[in-house]
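Student: I should like to take a close look at the surroundings of one ligand in this structure. Could you please guide me through that part and then relate the rest of the chain to it?

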Amino acid sequence: MKISVIGTGYVGLVTGTCFAETGNQVTCVDIDTNKVARLQKGEIPIYEPGLDVLFDRNIAEDRLKFTTDLVEGIKDAEVIFLALPTPPGEDGSADLKYILGVANDLGPILKNYAVIIDKSTVPVGTAEKVRAAIAANATIDFDVVSNPEFLREGVAVEDFMKPDRVVVGTTSEKAKKVMEKLYAPLVRQGNPVIFMDERSAEMTKYAANSFLALKITFMNEIANLCEKVGANVDDIRRGIGTDSRIGKRFLFAGIGYGGSCFPKDVQALAKTSSDYGYDFRTLRSVMAVNDDQKKKLLPVVTEYFDGNLKGKTIAVWGLAFKPYTDDIREAPALENIQALLDAGANITVYDPEAMDNVKKLIPNITYCHTAYAALDDADALMIFTEWPQFRTPDFEKMSKLLKDKVIFDGRNLYELETMRENGFTYYSIGREVVSPGVTA
Ligand SMILES: NC(=O)c1ccc[n+]([C@@H]2O[C@H](COP(=O)([O-])OP(=O)(O)OC[C@H]3O[C@@H](n4cnc5c(N)ncnc54)[C@H](O)[C@@H]3O)[C@@H](O)[C@H]2O)c1
Ligand SMILES: O=c1ccn([C@@H]2O[C@H](COP(=O)(O)OP(=O)(O)O[C@H]3O[C@H](CO)[C@@H](O)[C@H](O)[C@H]3O)[C@@H](O)[C@H]2O)c(=O)[nH]1
């Protein structure tokens, strides 16, 4: 098939590359000239494991192209993906200006029947708006389909190539056939392509993200209670996750959820609810609890240093909102670093992939080449991202480098017993505090 992808960010680039990999002819369009120039030179502008192999192969085999020219980009396309940003507007609703802007541009330049696919996360009713915007200027037949994307950053290629399910919102039989053909190579193991009306498809995406955010937030509240009653949240996770009705995944308590999706999508669903006169109380709680959770370790660190962080050096491990990505959107680390700086602390940081992105936002901290370099002469370590390389560090080396052997861990990386054996003071989430000389 001839496919066009408009918007070549995390979703667009993965979508374009993966559909080239299944043998289609793909052109990716973006208005960011710098990004397109890099892509045309064979450079991937994001860090996404496994994407490079597919990207290089499909460019070499001439199935994957990049352009800034929309007319050229959609020429002869049977399928046109909209993988454009939908950031939160001032009132929390998803801002549709990018999607509707492109929809307005598409009308006059469509020259053959095409299925236009909303891949972006968009509120209920958007497909109707996109259809109306295109139809206002179009002279030929087209369909608009809602096809939300469920990939996770860091494992995007795997999620895309082997999706748990594909959700397609359309009532057009013609579009349905195109979508079946497009996705057939990705669902050969029998994972379903679930057809529904477009409003339900749009809502499914928000329901999925909000439910996952709720699941994490519930565990974060259990963790907060564990700290008070003297229980261990990791044991509770294992104890409940083995119940197949609950499931093992997305039960890890921590320093709050971040990223480009959960925060904005929970907010957007809450806004949709209030627009329709429904008070979605669990969503309001999820947002409020997560805001607090992200700041949870700040008073703990401050109290440890007797209420005064002035002149203290805090080492930070992890900046990305999660491992295996350089994405720092809504990353808990950033808010915490800013608060520590405001309190007069100095910061030394290490992240294997995300430091370049943070440098642009927070230039006045020390970026280190290794995790250990960040610890040199620091008064304490804070951990915000569970990169695998932080999981089994050399505790002896850490002891020598840190001025004070204290760790504030927002991701529960270490066993309490290990920290006790190594003589650290160790604060984590939903577990007892480890203090040297104090037995469990
Ligand atoms: N990032 C994820 O993991 C993920 C997963 C599922 C769904 N989504 C949803 O997918 C959508 C895109 O997210 P993303 O993370 O890929 O965003 P992104 O910011 O990484 O990429 C969007 C791209 O669109 C380009 N763009 C903006 N206006 C344009 C225009 N008029 N023409 C062509 N290109 C234009 C931007 O330059 C940018 O490269 C959002 O709705 C998001 O909620 C994201
Ligand atoms: O048990 C868990 C799992 C995740 N998180 C946090 O939740 C956030 C989101 O993580 P994850 O869902 O893995 O990353 P995303 O790439 O943001 O993916 C989510 O958002 C995408 C964009 O909508 C969807 O496509 C995906 O299905 C959905 O998982 C991160 O801050 C994680 O640290 C936890 O705190 N505990």
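Tutor: Let us begin with a convention: Ala, Val, Leu, Ile, Met, Phe, Trp, Tyr, Cys and Pro count as nonpolar, Asp, Glu, Lys and Arg as charged, and the others, Gly among them, as polar. Please keep in mind that the model is predicted. With that convention, the shell around ligand 2 divides into 11 nonpolar, 5 polar and 5 charged residues. There are 21 residues around ligand 2, and those that come nearest are E153, F252, Y257, G259 and C261. Two elements, α9 (198-229) and α11 (262-275), give two or more residues to this shell. Of the elements, α9 gives the most, with 3 residues.

The shell around ligand 1 may be described in the same manner. Here 26 residues surround the ligand, with G7, G9, V11, S120 and T121 coming nearest. Helices α1 (10-21) and α5 (97-109) each supply at least two residues of this shell. By kind, the residues around ligand 1 are 12 nonpolar, 9 polar and 5 charged.

We may now turn to the strands. In general, strands of a sheet pair through backbone hydrogen bonds, either parallel or antiparallel. Strand β2 (residues 25-29) pairs with β3 in the parallel sense, over 4 bridges. Within this pairing, C28 has F66 of β3 as its bridge partner. F66 also belongs, with L64, to the covered face of β3 (residues 64-67), whereas K65 and T67 make up the uncovered face.

Another sheet deserves attention. It is open, has 6 strands with parallel pairing, and follows the order β11-β10-β9-β12-β13-β14. Because β11 (366-367) and β14 (425-427) stand at the edges and have a single partner strand each, one side of each is left without a neighbour in the sheet. Further inside that order, β12 (residues 380-383) and β13 (residues 406-409) run parallel and are joined by 3 bridges. One bridge partnership links L381 with I407 in β13. Helix α13 (residues 297-304) lies across β12, β13 and β14, and runs at about 165° to β13.

Finally, an annotation covers part of this region. An unreviewed UniProt entry lists residues 315-416 as "domain: UDP-glucose/GDP-mannose dehydrogenase C-terminal". In the model, this span is 30% helix and 18% strand, and its end C-alpha atoms lie 21 Å apart.

Methods
Residues are numbered from 1 along each chain as its sequence is written. Chains are lettered from A and ligands numbered from 1 in the order in which they are written. This is a predicted model: local features need pLDDT of at least 70, side-chain atom pairs count only at pLDDT 80 or more; totals for chains, interfaces and linings use all residues. A residue is near a molecule or strand if its C-beta atom, placed from the backbone, lies within 6 Å of it. A residue is buried if 20 or more other C-beta atoms lie within 10 Å of its own, exposed if 12 or fewer, and partly exposed in between; C-beta atoms are placed from the backbone. Two strands pair if DSSP finds at least two bridges between them. UniProt positions are given in the numbering used here, feature names are shortened, and annotations may be inferred rather than shown by experiment. Two residues are in contact if their C-beta atoms, placed from the backbone, lie within 7 Å. Axes are lines fitted to C-alpha atoms, for helices over the stretch in contact, and angles run from 0 to 180 degrees between N-to-C directions.
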